[in-house]
Structures are given as C-alpha cells and as structure tokens.
Amino acid sequence: MDFSIIIPVFNRQATLLDTLRSVAEQSHRPIHLIIVDNNSTDASMDIARQFKAEHSAPDFRIDITECTTQGAAAARNAGTALVDTPWMLWFDSDDTMRPCLLEEYRNAIESAPERPDIVTVRCLRHHLDGSTSSSNICHSNWLANHIKHAILATQLFAIRHDFAIKHGGWDNGLSLWIDWEFGIRLLLANPRVIALNKILVDYYLGEATITGTDFASKADKGLTAIAKARADILNAENIPHRNRYIWLLDYVTIMLAAKCHREHNPIGLAIRNELLANSYAPWPVKLAFRYIFRHIAAGLRGGAHIADAVISLFA
C-alpha cells in the first residue's frame, strides 16, 4: 500500500530537517513524499534538495515543487495535484511523525471490515513552557467533536485521495483554522472513520510555528473561518440536529472572543456582544455563553463541555 505525504514549506529551515527525517524513518514503505515550496526565502529548499539527494530510493520517491500562491491551503492543494496513490496525508513542516505512523495507518485500513475513508491518530502537543498535552480521541458524533476540538487537525489523519478530491480540497480563501473548516466539510459527507487511540505525532506549538499562540491579531481570520463553516453546515443536505452544530459554532466564536479578552484586547468583548445579539440560540444557551466567556477569559478549561451539555438540552 502506497502513501503520499504532502509537506508545504515556508521559511522552515530550523525545523524542516527534523520533519523530513521523521518521514525517512517510517517503518512502512513505499512512500511518495511531496515537498511544496511556498515562496521560502531562507535555506529551506537547500535542505529539501539535499534531503532528496541523500534519501531518494525506488520505494521512497521525493518530489519538490513550487506554489507561488501564498498560504498553506494553496500549497496543500498544489501538492495534492501530484498525488498518484490511493491514500495520502498532509503534514506541517515544524512537526514530526513517529516511526510507525504509516504502518499503523496501513494496518487499520487493511484490517477494516469496510473500506474506510479516513483514519485518525492522536498527537502529543509540546507547549512553549515545556509542558505537554495529548489530543482527544473520538468514537462518536465526529462532527460535534471536531467543531469543539479540531480532531481532524492537519497532521492527524490519512485520507483516501479520491474522497479528499470529491469534497473540494483546502479552501484557498482561508488563512486560519483551515484544517478545522476542511474537517467540517469532510465530516458533513458522512465518511467511514477509524480512530486509532495511539499517539503517533509530535506537534510543536510556539510563536514561530504555523499555528501560533495569539488570537487577537488574527481574530478576523478566525471569524472568516467560522462564517465559512456556518455556510458549510447550513448548505449541507440531510443534517439532523443542524441547530446543535450551528450553536456549537457560536460557542467557538465565544471561545475566540474570550481568548482575545484574555489578551486584554477590546475586540474580545466586541465579538462576544455581536454574537449574543445575532445568535438565534435560546436564552439559556446564550446565558451559558456569557458564563463560558468569563470562564475561558479567566484561563479555565472545560468550556466546550459546558457548551455542549447546555446546547444538547435544546437542540
């Protein structure tokens, strides 16, 4: 079973080699590695070309291509266009995969009673302060859990190539929470998903990483992604409990507002007030949103659990 791995790169000379080495150390072959340069101005492509020269093999094909349209979505789509294998995954250039990642994907796919569309794994997050935390595992109501926790983060799933193409690829109009919105579209298609309760990816959070750590400076981009996700859900056919998902998007908006408020930026209160004025959620849910705003702004966890518990009473 062949896998294609797409890695967009923009000025990642400090982290790229570790990422590429983690691909080369995979216990499963064959692999088709596609490195997409997204207008790098540092030594990233020198590192990529040297890696290709040292590691190319019949069972480890390496292609290096360019995408001049700036942004992770465009670069991932450019890499996807070169995929010629049934299964594929995208990966960021500042994270690493554990040696058995592809082997675990293969085993899950081959042992499934029905052909899956997506296989997910868990990650270990490495925070700036040196602490770590692990991502969640999901076995039911994938859409609700993805809205709350972004379970289909870029690094955490393999997908059938034809299924990814059928559902539109990455949205070039977004520059934040791109994988979150894409995951919502994929899950609205009711895919067959296998969840592996195994930590197989190391995900590094930091100010210089792709994800970043601040919210206020990118709040408008987050709101754009939420608006696109809302349109995805409203336009989807045959979605039971649609209000639940819309109100969970309202929770995500409140979460974003609270994070901005915690950064002492006035945009946080503005986002919260606009959401409360325009949401058609019932008043007890809005009351819960007010509480959750204060809860998250105080640095406390569990806001998603509170929101889901209250929303479930009315949706």
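Two strands count as paired here if DSSP finds at least two bridges between them. Keep that in mind as you open this predicted model and make your selections.

**Stop 1: a strand pair.** Select residues 31–37, which are strand S2, and residues 60–66, which are strand S3. The two strands run parallel, and seven bridges join them. To look at one partner pair, pick Val-36 and then Thr-65, its bridge partner in S3.

**Stop 2: the helix between.** Now add residues 44–55, helix H2. Together, S2, H2 and S3 make a β-α-β unit, and the unit is right-handed.

**Stop 3: aromatic rings.** Over the whole structure, a search turns up eight aromatic pairs. Start with Trp-90 and Phe-182, whose rings meet edge-to-face, with 5.8 Å from centre to centre and 70° between the planes. Which parts of the chain does this pair tie together? Trp-90 belongs to strand S4 (residues 87–90) and Phe-182 to helix H7 (residues 178–188), so the contact links parts that are 92 residues apart in sequence. Switch on a surface and ask: is Trp-90 buried or exposed? Trp-90 is buried, at a relative accessible area of 1%, and Phe-182 is buried too, with a value of 1%.

Next, add Phe-157 and Trp-170 to the selection: ring pairs link these two with Trp-90 and Phe-182 into a cluster.

**Stop 4: charges over rings.** Stay with Trp-170 and show Arg-76, which lies over the face of that ring, 4.5 Å from its centre. For another arrangement of this kind, go to Phe-293: Arg-272 lies over its face, at 5.0 Å from the ring centre.

Key: Residues numbered from 1 in each chain as written. Predicted model: local features only at pLDDT ≥ 70, side-chain atom pairs only at ≥ 80, totals over all residues. Heavy atoms only, no water. Helix = DSSP H or I, 4+ residues; strand = E, 2+ residues; numbered from the N terminus. Right-handed = clockwise from strand over helix to strand, strands pointing away. Phe/Tyr/Trp six-rings, centres within 6.5 Å; stacked < 30°, edge-to-face > 60°. Buried < 20%, exposed > 50% of the residue type's maximum accessible area, 1.4 Å probe, protein only. Lys NZ or Arg CZ within 6 Å of the ring centre and 35° of its normal.
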